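Dear colleague,

Please find below the structure I wished to pass on to you. I should be grateful if you would look it over alongside the notes that come after it.

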Amino acid sequence: MGSVPTIAESLTDAVRVGLEGASGGYASGMATTETRTASQGILSDDNAAKREEIIGLLKKAYWMEIETVMSYLANSINPDGVRAQEIVESLEKDIQEELGHARQFAQRIKELYGVVPGSTDFEAEQTYLQPPEHQTDIVHVIKGVIEAETGAIEHYNRIIEATDGVDWVTQDMVIQILHDEEGHRRLFEGYLREYQAEGLA
Ligand SMILES: [Fe+2]
Ligand SMILES: [Fe+2]
């Protein structure tokens, strides 16, 4: 037969539960600002250093997208020949997507209390997407696009890792952009395979 708690024991339990409830729930959050501030994620004061790190990564991503827009714009117009037509049309479509990515990165920089950089901060890096010697050399363009997309995929994976557990919104945004870049890369890998199958690459 189980022991029936005395009135004194029941009262002690009630007090204990009451205290635990107060320390873990609503009450402390409302009574002091400490708990609430700490729970505000990437915008909290505690995360100022992490925020700066993420803003730096986002600025680099922003410039990568801007340079990709420049490179794809030039490479959607320069190529000559019938064979280049599909690549040209594909790049024309990508320009809008990459511009959209740049806009998303810029918006997020601002949301994290950063400032979207001005054009004098820009440093070009896409040596592999400069115009080829012959404008019928579409394989050069395809390989350049694959290189650009690969660079983006690598950098965005870094951002996803850096934001893990601390900035879910940036992480979620970059995961979606990464999905786009993986799609772009896969598309151009397909083009390259076609040229390789014909012995042209
Ligand atoms: Fe992009
Ligand atoms: Fe892309």
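The notes below begin with the whole chain and then turn to one pair of helices and one residue.

Please bear in mind that this is a predicted model. The protein chain contains 7 helices and 0 strands, and its pattern along the sequence reads α-α-α-α-α-α-α. It has 201 residues, of which 24% count as buried. Where contacts join residues at least 6 apart in sequence, 70% of them link residues at least 24 apart.

I then examined the pairing of helix α4 with helix α5. Helix α4 spans residues 48-77, and helix α5 spans residues 85-111. Their axes lie 8 Å apart and meet at an angle of about 160°. Angles over 145 degrees count as roughly antiparallel, and α4 and α5 are therefore roughly antiparallel to each other. Their crossing is left-handed. The residues of this contact comprise 16 nonpolar, 4 polar and 6 charged.

Within α4, I looked more closely at V69. Is this residue buried, exposed or partly exposed? V69 has 19 other C-beta atoms within 10 Å, and because a residue needs 20 or more to count as buried, V69 is classed as partly exposed. Leaving aside residues up to four places away in sequence, V69 touches I95, E98, L99 and A102. In addition, V69 and L91 are 22 residues apart in sequence, while their C-alpha atoms are 9.4 Å apart in space.

Yours sincerely

Notes: Residues are numbered from 1 along each chain as its sequence is written. Chains are lettered from A and ligands numbered from 1 in the order in which they are written. This is a predicted model: local features need pLDDT of at least 70, side-chain atom pairs count only at pLDDT 80 or more; totals for chains, interfaces and linings use all residues. Helices (H or I, at least four residues) and strands (E, at least two) are DSSP runs, numbered from the N terminus. A residue is buried if 20 or more other C-beta atoms lie within 10 Å of its own, exposed if 12 or fewer, and partly exposed in between; C-beta atoms are placed from the backbone. Two residues are in contact if their C-beta atoms, placed from the backbone, lie within 7 Å. Axes are lines fitted to C-alpha atoms, for helices over the stretch in contact, and angles run from 0 to 180 degrees between N-to-C directions. Angles under 35 degrees count as roughly parallel, over 145 as roughly antiparallel, 65 to 115 as roughly perpendicular and the rest as oblique. A crossing is left-handed if the near helix is turned anticlockwise from the far one by less than a right angle, and right-handed if clockwise. Ala, Val, Leu, Ile, Met, Phe, Trp, Tyr, Cys and Pro count as nonpolar, Asp, Glu, Lys and Arg as charged, and the others, Gly among them, as polar.
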